[in-house]
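The following explanation is meant to be read alongside the sequence and the coordinates. It proceeds from individual side chains to helices and then to the chain as a whole.

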Amino acid sequence: MRFAPLDLDLVLAVAETGSLAGAAKRVRLALASASGRLKAIEATLGVALFARHRRGLAPTAAGRAFLDHARALAQGHARMRADMAEFAAGARRTIKIVANTGAATEHLPADLAAFLAEHPDIDIDLSERWSPDIARAVAIGEAEIGVAADTAELAGVRVFPYRADPLVALVPRGHALARRKAVTLARLAAFPMVALAENAAQARVVETQAAKRGLRLRIRVRAGTFDAMARLVAGGGGVGVMSRIAAERAATSLPVVWAPLAEDFARRRLVLCVRRVAGLSKPARALFDRICG
């Protein structure tokens with residue numbers, strides 16, 4: 001029983017999009033070709049991988065089992081292609097990492113700098129995503145290591161403790177909220193806000209949580225970094241939400257104070273996400289052992 005890499009990509013795409021049309025577009029097949037290929041896969045296996053519903057396709061029990069194997073194989077193919085490309089380019093090795101805002105900007109830089117200094121032949125490709133996308137990227141082999149908030153849905157990956165990264169409210173010194181021991185998102189939303197750029201992972205988290213609570217945030221200005229946010233808050237641009245580590249640093253040099261956010265989503269920890277520890281490339285395993293140990 002043999003399946004081409006495109007077969008595996010198609011099945012994974014159908015599972016993720018819930019749509020044959022969406023999957024066909026993702027793997028760059030005509031809809032008729034994608035349909036025929038999926039039927040051929042199911043015929044070869046002798047089982048239906050997806051149940052067809054009015055709203056789309058959903059994996060059957062057999063489909064979920066097949067997806068576990070398909071993800072592992074796809075990850076292996078991706079790692080093989082990456083390894084060979086790196087050897088062709090001069091034997092350099094690249095570790096692809098996806099991380100949320102707090103990890104990418106506050107926690108990982110020091111760990112990665114030390115690792116890179118110890119391994120001059122290894123490069124790191126670090127990109128920022130929000131936590132639900134991080135687990136998905138690792139599960140399908142787009143990245144070997146992810147760093148995500150433990151409050152997100154992290155299906156399909158193994159997780160290991162990394163760092164505490166609670167979200168806090170940052171306000172100017174003397175503000176009406178400055179003396180509170182904790183601040184709710186609803187109370188914070190009553191004031192004009194400074195936020196991260198719309199494509200920043202943490203901005204999506206905060207704004208999604210506000211929408212779930214029926215809150216409308218009045219965002220006056222967006223900043224590219226936590227440090228820029230803190231300067232804007234200090235200057236009276238509004239109140240903000242950021243990682244505690246960044247707020248603590250800001251409070252040492254700017255006229256700002258911080259308080260914990262009261263909601264459960266803010267009391268988060270960062271975790272390392274991998275598909276399988278044993279399946280990591282040698283460079284990724286070395287990095288994993290360093291930052292997980």
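Why is the sulfur of Cys292 too far from the closest cysteine sulfur, in Cys273, for a bond? In this predicted model, the two sulfur atoms are 11 Å apart. A disulfide requires a pair of cysteine sulfur atoms within 2.5 Å, and the distance of 11 Å is therefore too great for a bond. The count of disulfides accordingly comes to 0. For Cys273, the nearest cysteine sulfur is that of Cys292, and Cys273 is in no disulfide. Their surroundings can be stated as well: Cys273 is buried, with a relative accessible area of 0%, whereas Cys292 counts as partly exposed at 27% relative accessibility.

Aromatic side chains offer a second view of how parts of the chain meet. A pair of aromatic rings is described by the distance of the centres and the angle of the planes. The structure holds 2 aromatic pairs. In one of them, the ring centres of Phe3 and Phe66 are 5.6 Å apart and the planes stand at 90 degrees; the pair is therefore edge-to-face, since planes over 60 degrees apart are placed in that class. Phe3 belongs to the segment before helix 1 (5–17) and Phe66 to helix 4 (residues 61–88), so this pair ties together parts that are 63 residues apart in sequence. Phe3 is partly exposed, with a relative accessible area of 22%, while Phe66 counts as buried at 13% relative accessibility.

Phe160 and Phe288 make up another pair, with ring centres 5.1 Å apart and planes at 80 degrees, so this pair is also edge-to-face. Phe160 lies in strand 6 (residues 158–164) and Phe288 in helix 11 (residues 282–292), so the parts that are tied together are 128 residues apart in sequence. Both Phe160 and Phe288 are buried.

Phe160 also appears among the contacts of Val271, a residue of strand 12 (residues 269–274). Val271 counts as buried at 9% relative accessibility. The C-alpha atoms of Val271 and Tyr162 are 4.9 Å apart in space, although 109 residues separate the two in sequence. Apart from its neighbours within four places in sequence, Val271 is in contact with Tyr162, Pro161 and Val159, and its other partners include Gly146, Val147, Ala148, Asp150 and Leu154.

Val147 and Ala148 are likewise touched by Asn100. Asn100 is located in the loop between strand 3 (93–99) and helix 5 (101–118), and is buried, with a relative accessible area of 3%. Beyond residues up to four places away in sequence, what Asn100 touches includes Glu128, Arg129, Ser131, Ile134, Arg268 and Leu270. Another residue that Asn100 touches is Ala201, which leads to helix 8.

Helix 8 spans residues 201–212, and at 1.5 Å a residue these 12 residues should span 16 Å; the end C-alpha atoms are 17 Å apart, which agrees. Ala201 is among the buried residues of helix 8, together with Gln202, Ala203, Val205, Val206, Gln209 and Ala210. Gly214 follows helix 8 and has a positive phi, near 70 degrees.

Helix 2 is likewise followed by a residue with positive phi, here Arg28, with a value near 65 degrees. Most residues other than glycine have a negative phi, and most peptide bonds are trans. Arg28 has its positive phi although it is not a glycine. Arg28 sits in the loop between helix 2 (20–27) and helix 3 (31–45), and at 77% relative accessibility it counts as exposed.

Within helix 2 itself, the residues Leu20, Ala23, Ala24 and Val27 are buried. They cover an arc of only 100 degrees around the axis, which puts them on the same side of helix 2. The buried residues of helix 2 pack against helix 1, helix 3 and strand 2 (56–59). At the N-terminal end of helix 2, Ser19 acts as a cap, with a side-chain oxygen 3.2 Å from the backbone nitrogen of Ala21.

These details belong to a protein chain with 11 helices and 12 strands. Of its 293 residues, 46% count as buried. The C-alpha atoms fill a box of roughly 70 × 50 × 30 Å, taken along the principal axes. Among contacts between residues at least 6 apart in sequence, 70% join residues at least 24 apart.

Key:
Residues are numbered from 1 along each chain as its sequence is written. Side-chain values use heavy atoms; hydrogens and water are left out. Helices (H or I, at least four residues) and strands (E, at least two) are DSSP runs, numbered from the N terminus. The expected span of a helix is 1.5 Å times one less than its number of residues. Buried means under 20% relative accessible area, exposed over 50%, partly exposed in between (1.4 Å probe, protein chains only). Rings of Phe, Tyr and Trp (its six-membered ring) pair if their centres lie within 6.5 Å; planes under 30 degrees apart count as stacked, over 60 as edge-to-face and the rest as tilted. Contact means heavy atoms within 4.5 Å. The arc is that of the directions from the helix axis to the C-beta atoms. A polar contact is a pair of N or O atoms within 3.5 Å; within protein, one must be able to donate a hydrogen and the other to accept it, and residues adjacent in sequence count only if both atoms are side-chain atoms.
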